[in-house]
Amino acid sequence: NTITTNNVGVNYRLGQSRDEQLSFGVNFQTAKLQSQRIFPTVTSVNQSFANVLPNLMWRKKLSANVNVRVFYRASTNFPSVTQLQDVVNNNNPLYVTSGNPDLKQSYTHFLSGRYTYTNSKTSKSFFANLFLQTASNYISNASYFIRGADTVINNVKVSKNSQFTKPVNLNGYKSLRTFFTYSMPLKFIKTTLNVSTGFSYSKLPGMVDYQKIFTNSYAYNGGVVLASNISEYVDFNLSYNANLTKSKTNTTKSTSSESLNQTIGAQVNLLSKNGWFVQNDVSGNTYSGLSGGLNQSFWLWNAAIGKKILKSQAGELKLSVFDLLKQNQSLVRTITGSYIEDAQSQVLQQYFMLTFTYKLKNFGTAATRQNNGGGFNRGGMGGGFPGGGGNPNF
């Protein structure tokens with residue numbers, strides 16, 4: 001599968017000031033999509049495209065603490081090899097899939113806006129983000145139910161009462177996302193408070209038995225985090241996050257669903273002056289509104305103990321245990337233009353790991369650094385588990 005693109009364009013920028021910049025331009029793009037297949041039959045795909053792709057960026061400093069930025073870009077996306085190859089996959093006789101060699105590239109408009117407020121004196125900040133996206137020839141899925149009798153698709157027999165699915169180009173895709181976060185210090189406990197919230201909406205086109213349908217999805221999320229900055233020997237994070245999702249598909253039998261995921265977490269890391277350290281990461285997860293009896297709650301506890309050794313504590317020996325309570329689960333909700341799927345996957349639960357880490361450093365004297373151009377920057381050695389505390393001493 002070969003994709004060849006050529007671009008020629010021009011951009012113009014107004015203003016050399018750091019306080020305000022405006023640039024805009026346009027690109028002309030030609031593309032050729034070529035794909036060859038030799039099994040089970042010899043066939044090829046050869047498509048050509050020509051597109052005009054505009055872009056715009058505006059940035060302005062409204063005050064010493066406030067900045068705004070607006071960005072727009074048009075782009076194209078090509079189908080994958082799997083989406084183009086019309087080889088029938090009947091590993092699951094009740095759910096048969098195939099690619100589509102007639103697929104075309106999708107054309108996307110993307111617009112984003114960002115507002116930032118930062119005050120170094122008070123250590124307060126506020127960020128607001130907005131993202132909009134539309135697409136024509138969006139690559140979605142078309143599903144067809146085989147009724148009455150068996151049928152043959154691309155020399156492969158497909159049984160009756162099964163479902164055949166292939167990718168198609170459809171118009172009508174829309175997406176909106178927002179994200180807001182506010183941060184402020186709580187000096188009396190040497191902790192930073194972060195509060196965030198957001199909303200997202202998507203309109204996904206699909207097709208069922210030659211009828212075009214849409215799935216509208218709404219997601220609301222919010223969370224709060226307390227991140228400590230007590231000392232280099234004590235580090236903790238406390239967090240809570242909730243995500244509410246509502247979806248509705250306008251088929252002949254209109255379907256709707258609503259699910260809620262809540263997570264509460266705590267990370268505590270302790271380090272002694274002689275190099276011993278203990279790390280704990282505990283989170284509670286609750287799922288409700290899922291189908292097929294998948295609603296459940298579980299705790300995930302990761303822990304570690306270790307010792308910093310060798311000269312300047314450059315080495316670290318650590319014993320870690322993942323999923324101490326043996327409750328880890330994997331639950332995923334997938335929303336497409338033609339269906340909503342809840343899936344539970346088998347995942348690795350409790351395991352232990354012994355690791356040795358050695359930190360390489362090369363710091364000379366001040367005179368040496370001046371002569372050799374500066375040397376390396378000092379950086380903290382990361383540690384703990386994903387989502388843990390941000391103190392570089394752990």
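**Figure 1. The side chains of Glu 316 and Lys 308 meet in a polar contact.** In this predicted model, the two side chains come to 3.0 Å from each other. Glu 316 belongs to strand β19. Is Glu 316 buried or exposed? Its relative accessibility is 10%, under the 20% limit, so Glu 316 counts as buried. If you step through the surroundings of Glu 316 beyond four places in sequence, you will meet Lys 307, Lys 308 and Ile 309, together with Phe 277 and the run Thr 355, Phe 356 and Thr 357.

**Figure 2. Leu 310 has a positive phi without being a glycine.** The angle is near 70 degrees. Have a look at the loop between β18 (296–309) and β19 (315–322), which is where Leu 310 sits. With a relative accessibility of 53%, Leu 310 counts as exposed.

**Figure 3. Asn 161 is another non-glycine residue with a positive phi.** Here phi is about 70 degrees. Where does Asn 161 lie? You will find Asn 161 in the loop that links β10 (156–158) to β11 (163–170). The relative accessible area of Asn 161 is 60%, so this residue is exposed.

**Figure 4. Eleven residues form the largest nonpolar core.** Its members are Val 88, Val 96, Ala 142, Tyr 144, Ile 146, Ile 153, Val 158, Phe 164, Val 168, Leu 170 and Met 207. Both β8 (138–145) and β11 give at least two residues to this core. Which strand supplies the largest share? That is β11, with three residues. A second core, separate from this one, has six residues, among them Leu 33, Phe 49, Leu 84 and Leu 103.

**Figure 5. Val 168 and its contacts beyond four places in sequence.** For this close-up, it helps to display the partners of Val 168 in two groups. One group is the stretch Tyr 138, Ile 139, Ser 140, Asn 141 and Ala 142. The other is Asn 100 and Leu 103. Two of these names return from the previous legend: Ala 142 is part of the largest nonpolar core, as is Val 168, while Leu 103 is in the second core.

**Figure 6. The whole chain, for orientation, has two helices and 22 strands.** Of its 394 residues, 33% count as buried. The accessible surface comes to about 23200 Å², and carbon and sulfur atoms account for 55% of that area. Taking contacts between residues at least 6 apart in sequence, 57% join residues at least 24 apart.

Notes: Residues numbered from 1 in each chain as written. Predicted model: local features only at pLDDT ≥ 70, side-chain atom pairs only at ≥ 80, totals over all residues. Heavy atoms only, no water. Helix = DSSP H or I, 4+ residues; strand = E, 2+ residues; numbered from the N terminus. Buried < 20%, exposed > 50% of the residue type's maximum accessible area, 1.4 Å probe, protein only. Contact = heavy atoms within 4.5 Å. Areas by Shrake-Rupley, 256 points an atom, 1.4 Å probe, with all protein chains shown as cover. Core = buried A, V, L, I, M, F, W, Y, C linked by side-chain atoms within 4.5 Å. Polar contact = N/O pair within 3.5 Å; in protein donor to acceptor, adjacent residues only side chain to side chain.
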